[in-house]
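Here are my notes for someone opening this one for the first time. Keep the structure in view while you read, and take the points in order.

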Amino acid sequence: INGTSTSTTSSTAFDNADRKLRHNPVVVKSRPREIPVNPKQSLYNTTNNRASSSSSSSSSSSSSSSTFKKTTPSVQKAPSRPSTTTIVKTSTSTQFVNQVETSFSSTTTAEASPFFDFGVRFSKVKFPRGVHPPSGFLPFDKTNFPVTTGSETEEWLRRSYVHSLVTQDDFEVDFDIAELIQTVAGGPPEHANSNPNSGYWKEFRTVVQEQKHRRGFVNARTVFPLPHIWSQYSLDDVAEAVRGEFPGSVQAGFMDQVLLRDEDTVKVDASIIPLRGPRPFLRRDVLLVALNAWAIQHVGPHNFGVKWYAGRARPEEIAHLISTNTITEEDGVPADIIADVKSFHLDPTLEGRDFTAYEEGSPPHPSWPAMHSASSCSSFWLSIVLDLSPDQLCAAQLVDYGVAFARTVAGVHYPQDNIVGLNLGQEILSRLLPDYLAQTYGSNKSAIQKKIRKMRHDWNNFDPW
């Protein structure tokens with residue numbers, strides 16, 4: 001809680017060995033790699049895919065279940081300096097360059113890196129009976145994102161069962177989506193790629209590790225510090241606590257059980273919220289209820305706008321590709337991850353849903369950033385309107401962090417989905433809170449802005465232990 005400004009780096013990897021979730025980037029040497037003839041062409045799509053194994057057993061195990069059809073693509077050896085292709089996506093207000101391929105092409109040597117993005121993007125899209133999108137519409141690749149108004153992708157997604165398709169020109173979006181991505185995360189997320197030492201596979205390894213913990217009935221307290229309100233929970237309980245619950249209900253429970261029970265020690269900051277007397281009700285209890293809903297209402301559309309801009313595939317989608325041999329060690333998937341995913345014996349007909357703690361699997365919208373995390377911003381706004389002690393603030397932060405990390409325990413989010421979501425919620429509220437409190441409660445904007453600068457912090461640096 002040091003008041004440092006929000007980081008502009010999104011490449012954080014999480015080291016489970018010490019459970020500190022710290023950023024440990026690894027620089028690796030380039031290795032020879034075959035790449036598709038067309039660098040824009042996804043290696044795994046409906047019409048152009050790596051040949052399946054010649055053995056009948058591996059062919060039969062994957063042909064009926066894989067999301068991606070297996071045919072033989074034309075490949076060539078990577079040239080000494082392969083050309084770098086960046087896909088430029090245009091929003092209604094800003095032109096933003098997809099930086100994922102740039103990250104793979106940057107190198108300190110004279111030779112460009114041969115690693116590349118697989119092109120796999122969120123594709124968990126179902127349609128009502130009788131609605132038939134064009135042939136080849138799914139699975140999506142990087143050319144489908146960001147989703148823009150008037151595009152074919154947007155047109156058909158509006159007719160599907162996906163959740164909350166938000167684009168730049170949505171009525172509830174106040175800020176430029178591309179600018180938010182750059183400010184909060186330093187650019188779009190990493191996607192599944194051919195570099196086995198990339199930050200992406202470190203994140204995915206964390207998700208896999210948590211599925212092993214959950215399946216193995218590991219004590220939840222050894223995985224992450226549980227918030228007070230979850231003190232007796234197992235990992236399955238933790239995952240269930242963030243399954244389709246009413247938005248903000250966990251934070252509301254914390255405020256009710258912990259904060260509002262002690263009127264003498266939890267006080268409103270009178271320099272931020274003008275009080276009518278020594279025993280506030282409307283400007284404490286009712287104010288907290290209103291702010292909890294207001295924050296989620298305004299963070300939500302921006303979070304979904306970022307989701308549909310980046311299009312990150314859910315962990316279960318990647319687990320399904322691994323379990324059906326669609327992507328293998330030959331493609332750059334780390335061998336330990338393959339072994340762990342296959343140890344789960346996933347049912348190929350469920351398309352990865354059984355990788356998660358939920359029968360229905362992940363929600364039908366992209367993974368990054370996590371909405372549960374973005375809406376877990378109560379510890380921030382509570383620190384603005386209340387005079388919290390260090391212990392009270394720590395307890396509030398553990399609730400927000402717990403809700404966020406619980407979605408990784410459930411197998412539906414990567415760690416950086418959570419961290420970027422937490423930072424995004426804080427960023428949106430930092431921009432909106434001064435005007436809102438001034439207009440609603442007669443607060444002093446300069447005092448609010450000063451306290452925001454003091455209380456902001458980077459969730460990348462948060463140590464839950």
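1. Start with helix α8, which bends by about 30° at Leu-288. Bear in mind that this is a predicted model, so the bend is a feature of the prediction.

2. How far apart are the end C-alpha atoms of α8? They sit 41 Å apart. At 1.5 Å a residue, the 29 residues of α8 should span 42 Å, so the two values agree. Just past the helix, have a look at Gly-311, which takes a positive phi of about 70°.

3. Is α8 mostly covered or mostly open? Mostly covered: 21 of its 29 residues are buried. Now turn to the largest nonpolar core, a set of 92 residues. Helix α8, running over residues 282-310, gives the most to this core, with twelve residues.

4. Inside that core, the residues with the most contacts are Trp-230, Trp-381 and Leu-437. Leu-437 is a handy one to click on. Setting aside its neighbours within four places in sequence, Leu-437 is in contact with Ile-272, Ile-273, Leu-291, Val-385, Gly-442, Ser-443 and Ile-448. Of these partners, Leu-291 falls within the residue range of α8. Apart from the largest core lies another, of 23 residues, including Phe-118, Ile-318, Leu-321 and Val-333. As background, nonpolar side chains in soluble globular proteins tend to be buried together.

5. Next, a polar residue: Asn-418, found in helix α14 (residues 415-441). Is Asn-418 buried or exposed? Its relative accessible area is 3%, and the cut-off for buried is under 20%, so Asn-418 counts as buried.

6. What does the side chain of Asn-418 pair with? A polar contact of 2.8 Å joins it to the side chain of Thr-408. Not counting residues up to four places away in sequence, Asn-418 touches Thr-408 along with Ala-370, Ser-373, Ala-404, Phe-405, Arg-407 and His-413.

7. Finally, zoom out to the whole protein. There are 15 helices and six strands, and buried residues make up 57% of the 465 residues. Among contacts between residues at least 6 apart in sequence, 76% join residues at least 24 apart. The accessible surface comes to about 19,800 Å², and carbon and sulfur atoms account for 51% of it.

Methods. Residues numbered from 1 in each chain as written. Predicted model: local features only at pLDDT ≥ 70, side-chain atom pairs only at ≥ 80, totals over all residues. Heavy atoms only, no water. Core = buried A, V, L, I, M, F, W, Y, C linked by side-chain atoms within 4.5 Å. Buried < 20%, exposed > 50% of the residue type's maximum accessible area, 1.4 Å probe, protein only. Helix = DSSP H or I, 4+ residues; strand = E, 2+ residues; numbered from the N terminus. Contact = heavy atoms within 4.5 Å. Expected span 1.5 Å × (residues − 1). Bend = angle between axes of the 7 residues up to and from the residue. Areas by Shrake-Rupley, 256 points an atom, 1.4 Å probe, with all protein chains shown as cover. Polar contact = N/O pair within 3.5 Å; in protein donor to acceptor, adjacent residues only side chain to side chain.
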